[in-house]
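Good morning, colleagues. Please take a moment to look at the sequence and the model on the screen before I begin.

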Amino acid sequence: MSGLVGRGERPIYLENHKSWNPLIEHYLVQFGWGTPTSIEPLDSEHGVRFFLSPTATFPFLVGWLVAMWERGHGIASKFRLEEEGQNWVLDIESRHAYN
């Protein structure tokens, strides 16, 4: 997914975690890829947490979100995907972020 988004002409501008909703509507929802149930900032610079429901398109949604993050910030990411009850939590931040 990262290769597809990275080679594309799609503009992805991310200022903060609130920038995600219009991008998700434009690139994902209208094509049936799904949407996070909630989006929150992480403490790290550019870090974001997505709360996701399991759906048939779940693997694609995760791939799209990670690829969009990398395209929007122009840097490699590290991400963590963990099951939380019936749902999933996806954290994405810079591969170079230090804790």
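I shall speak about aromatic ring pairs, then a surface patch, and finally one backbone angle.

Please bear in mind that this is a predicted model.

Let me begin with the aromatic side chains. How many aromatic pairs are there by the ring-centre rule? The count comes to 4. In one of them, the ring centres of Trp 33 and Phe 60 lie 5.2 Å apart, and the planes meet at 45°. Pairs with planes under 30 degrees apart count as stacked and those over 60 as edge-to-face, so this pair of Trp 33 and Phe 60 is classed as tilted. The two residues come from distant parts of the chain, 27 residues apart. Trp 33 sits in the loop between helix 2, residues 20-27, and strand 1, residues 38-41, while Phe 60 belongs to helix 3, residues 58-73.

As for accessibility, Trp 33 is partly exposed, at 24% relative accessibility. Phe 60 is also partly exposed, at 40%.

A further pair is formed by Phe 58 and Trp 88, with ring centres 5.4 Å apart and planes at 40°, so that this pair too is tilted. Phe 58 lies in helix 3 and Trp 88 in strand 4, residues 87-94; the pair therefore ties together parts that are 30 residues apart in sequence. Are these two residues buried or partly exposed? Phe 58 is buried, because its relative accessible area of 12% falls under the 20% limit. Trp 88, with a relative accessible area of 23%, is partly exposed.

Returning to the earlier pair, ring pairs also bring in Trp 64, so that Trp 33, Phe 60 and Trp 64 are linked into a cluster.

Phe 60 brings me to the surface. Which residues accompany Phe 60 in a nonpolar surface patch? They are Met 1 and Leu 4, and the three together have about 290 Å² of accessible area. Met 1 is placed in the segment before helix 1, residues 2-7. With a relative accessible area of 33%, Met 1 is partly exposed. Phe 60 thus takes part both in the ring cluster and in this patch.

My last point concerns the backbone. His 46 is not a glycine, yet it has a positive phi of about 70°. Where does His 46 lie? His 46 is found in the loop between strand 1 and strand 2, the latter spanning residues 48-52. At 35% relative accessibility, His 46 counts as partly exposed.

Thank you for your attention.

Note on methods. Residues are numbered from 1 along each chain as its sequence is written. This is a predicted model: local features need pLDDT of at least 70, side-chain atom pairs count only at pLDDT 80 or more; totals for chains, interfaces and linings use all residues. Side-chain values use heavy atoms; hydrogens and water are left out. Patches are made of residues with over 30% relative accessible area and no salt bridge: like charges are joined within 9 Å, nonpolar side chains (Val, Leu, Ile, Met, Phe, Trp, Tyr) within 5 Å. Accessible areas come from the Shrake-Rupley method with a 1.4 Å probe; for residues, only the protein chains shown count as cover. A salt bridge is a side-chain nitrogen of Lys or Arg within 4 Å of a carboxyl oxygen of Asp or Glu. Helices (H or I, at least four residues) and strands (E, at least two) are DSSP runs, numbered from the N terminus. Buried means under 20% relative accessible area, exposed over 50%, partly exposed in between (1.4 Å probe, protein chains only). Rings of Phe, Tyr and Trp (its six-membered ring) pair if their centres lie within 6.5 Å; planes under 30 degrees apart count as stacked, over 60 as edge-to-face and the rest as tilted.
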